[in-house]
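Please open the structure in your viewer, with residue selection and distance display ready to hand. The tour below moves from one selection to the next and says what is to be found at each stop.

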Amino acid sequence: MAENEDGTEKTEDASAKKLQEARDKGNIARSRDLSSAALLVVSALSMYMVGMLIVDDLMNLYAFNFSIAREDLFDVAMMIHHLYVSIMTAIDSLTVFMLIVAAAGIIGSVAFGGFNFSWEPIVPKLSKMSPIQGIKRMFSVQSLVELLKSTLKILLVGTVAAFVLLHYLPMLTGLAFESIGNAMSHTLDTLIWAFILISSSLIIIAAIDVPFQAWQHKDKLKMTKQEVKDEYKQSEGDPQVKGRIRQLQRQAAMRRMMSDVPQADVIITNPTHFSVALKYDQEKGKAPIMVAKGSDFIALKIREIGNYYDIPVIQSPALTRAVYKHTEIGEEVPEGLFKVIAQLLAYVYQLRLARTGQKAPDSMPSFDIPEEFRWNGE
């Protein structure tokens with residue numbers, strides 16, 4: 001099991017954040033054996049498909065260069081022409097094969113771990129130049145595993161190569177009795193099949209190495225419980241800091257709300273548990289808007305501000321609870337409460353007129369709260 005430098009065990013799988021950071025640094029799971037197997041197997045199969053065409057082109061090229069006229073040997077321009085034709089013929093013959101091999105090399109490299117580009121691995125680091133760190137790497141568990149893998153590769157490839165050689169030995173010894181054309185054809189065919197069989201043995205190694213590399217990469221990136229907690233704090237924020245921020249936000253919102261209370265036309269109360277401040281702009285003609293609401297201590301503060309600015313404070317428990325429950329600060333009161341709020345505002349305006357010497361209203365009207373808006377405050 002992976003351990004930190006301080007000896008703490010890494011028991012937790014790497015988080016998405018750590019995996020992305022590792023990828024950005026070029027630290028991803030790779031299998032060199034998979035890349036080698038893909039490159040060699042595809043090269044062998046490509047040689048099997050286009051090998052004879054390449055041989056024919058090369059044979060024609062040899063014939064072209066060995067059948068030069070005597071006078072051309074002393075003509076620089078003709079020799080340059082021969083060289084140009086030879087190069088272009090070789091390129092034409094090998095282009096398809098080289099493109100297939102190049103594609104296999106690229107696909108084999110990115111098939112496991114995906115495509116990733118990073119400058120991080122090539123950035124000079126003093127730790128890479130440290131002799132002590134180099135000795136540690138030489139005698140590390142990773143080096144021992146790589147040595148074991150290399151030994152197994154040699155044994156496997158050597159064993160397959162020995163069987164292939166023994167299988168084709170009778171045919172190889174008989175090449176001396178064949179014509180040049182047949183001998184070259186048989187030799188090429190033997191080399192191609194030997195190449196295919198030996199390269200295919202690397203598939204076994206790749207099949208073992210890929211899951212091993214995936215497990216090793218996952219194990220290296222494991223995290224301790226403390227690292228998981230620290231990362232969570234960094235990404236989500238320290239709970240204490242977040243709590244403090246929320247507290248400051250609530251305080252700021254409370255100050256803004258209290259600063260709007262003096263603009264209210266009426267405050268309705270429970271009378272002790274809830275308070276709601278409403279404002280109605282007659283010029284705009286829209287529905288009344290809630291400018292503040294609160295319970296307990298906040299409700300008391302709203303009433304105190306209302307009394308200080310001489311805002312009518314009306315006690316109506318049922319209406320207060322209905323508006324408090326179904327309206328948020330800055331929103332219009334629900335349409336279902338328009339009628340009862342209109343009665344409330346009419347009563348408030350009558351109270352204001354009474355202050356100027358006009359007749360005061362006989363009594364506060366009875367507010368009939370629709371059933372769907374009734375709330376007991378729990």
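## First stop: Phe373

Select Phe373 together with the residues it touches, which are Ala322, His326, Pro334, Gly336 and Leu337 when residues up to four places away in sequence are not counted. Please keep in mind throughout that this is a predicted model. Phe373 belongs to the segment after helix 12 (338-355), and with a relative accessible area of 12% the residue is buried, because the limit for that class is under 20%. If you now add Lys325 to the selection, you will find its C-alpha 8.2 Å from that of Phe373, although the two residues are 48 apart in sequence.

## Stepping back to the whole chain

Colour the chain by secondary structure, and twelve helices and four strands should appear. Of the 378 residues in the protein chain, 29% are buried, and the chain exposes about 24900 Å², of which carbon and sulfur atoms supply 63%. Among the contacts between residues at least 6 apart in sequence, 73% join residues that are at least 24 apart.

Next, select residues 37-61, 97-119, 152-171 and 191-212, which an unreviewed UniProt entry lists under "transmembrane region". In the model, the span 152-171 is 100% helix and 0% strand, with its end C-alpha atoms 30 Å apart. The span 191-212 is likewise 100% helix and 0% strand, and its end C-alpha atoms lie 32 Å apart.

## Asp33 and its partners

Which residues does Asp33 touch, leaving aside those up to four places away in sequence? Centre the view on Asp33 in helix 2 (32-66), and the neighbours to display are Lys149, Lys153, Ile205, Ala206 and Asp209. Asp33 counts as buried, since its relative accessibility is 8% and the class takes in values under 20%.

Two lysines deserve a distance label here. The side chain of Asp33 makes a polar contact of 2.6 Å with the side chain of Lys153, and the side chains of Lys149 and Asp33 meet in a salt bridge, 4.0 Å from N to O. The latter pair links distant parts of the chain, with Lys149 in helix 6 (residues 141-173) and Asp33 in helix 2, 116 residues apart. Lys149 is also buried, at 15% relative accessibility.

## Other salt bridges

Side chains of opposite charge can pair when their charged atoms come close. The model has eight salt bridges, and two further ones are worth visiting in turn.

Select Arg352 and Asp265, whose side chains form a salt bridge of 4.0 Å from N to O. Arg352 lies in helix 12 and Asp265 in the loop between helix 9 (239-260) and strand 1 (266-269), so this pair ties together parts that are 87 residues apart in sequence. Arg352 is partly exposed at 32% relative accessibility, whereas Asp265 is buried at 13%.

Then move to Lys293 and Glu328, which form a salt bridge with their closest N and O atoms 3.6 Å apart. This pair, too, links distant parts of the chain, for Lys293 is in strand 3 and Glu328 in the loop between helix 11 (317-326) and helix 12, 35 residues apart. Lys293 counts as buried at 14%, while Glu328 is partly exposed, with a relative accessible area of 41%.

Before leaving the charged residues, display Asp33, Lys149, Lys153 and Asp209 together, as salt bridges that share partners join these four into one network.

## A nonpolar patch on the surface

Switch to a surface view and select Leu45, Tyr48, Met49, Trp193 and Leu197, which form a nonpolar patch with about 500 Å² of accessible area together. The elements that give two or more residues to the patch are helix 2 and helix 7 (180-220), and the largest share, three residues, comes from helix 2. Tyr48, in helix 2, is partly exposed, with a relative accessible area of 45%.

## Last stop: two loop aspartates

Most residues other than glycine have a negative phi. Asp296, in the loop between strand 3 (289-295) and helix 10 (297-308), has a positive phi of about 55° and is partly exposed, at 45% relative accessible area. Finish at Asp310, in the loop between helix 10 and strand 4 (313-315), where phi is again positive, near 60°, and the relative accessible area of 49% makes the residue partly exposed.

Definitions and conventions: Residues numbered from 1 in each chain as written. Predicted model: local features only at pLDDT ≥ 70, side-chain atom pairs only at ≥ 80, totals over all residues. Heavy atoms only, no water. Patch = residues over 30% accessible without salt bridge, like charges linked within 9 Å, V, L, I, M, F, W, Y side chains within 5 Å. Areas by Shrake-Rupley, 256 points an atom, 1.4 Å probe, with all protein chains shown as cover. Buried < 20%, exposed > 50% of the residue type's maximum accessible area, 1.4 Å probe, protein only. Contact = heavy atoms within 4.5 Å. UniProt positions renumbered as here; feature names shortened; annotations may be inferred. Polar contact = N/O pair within 3.5 Å; in protein donor to acceptor, adjacent residues only side chain to side chain.
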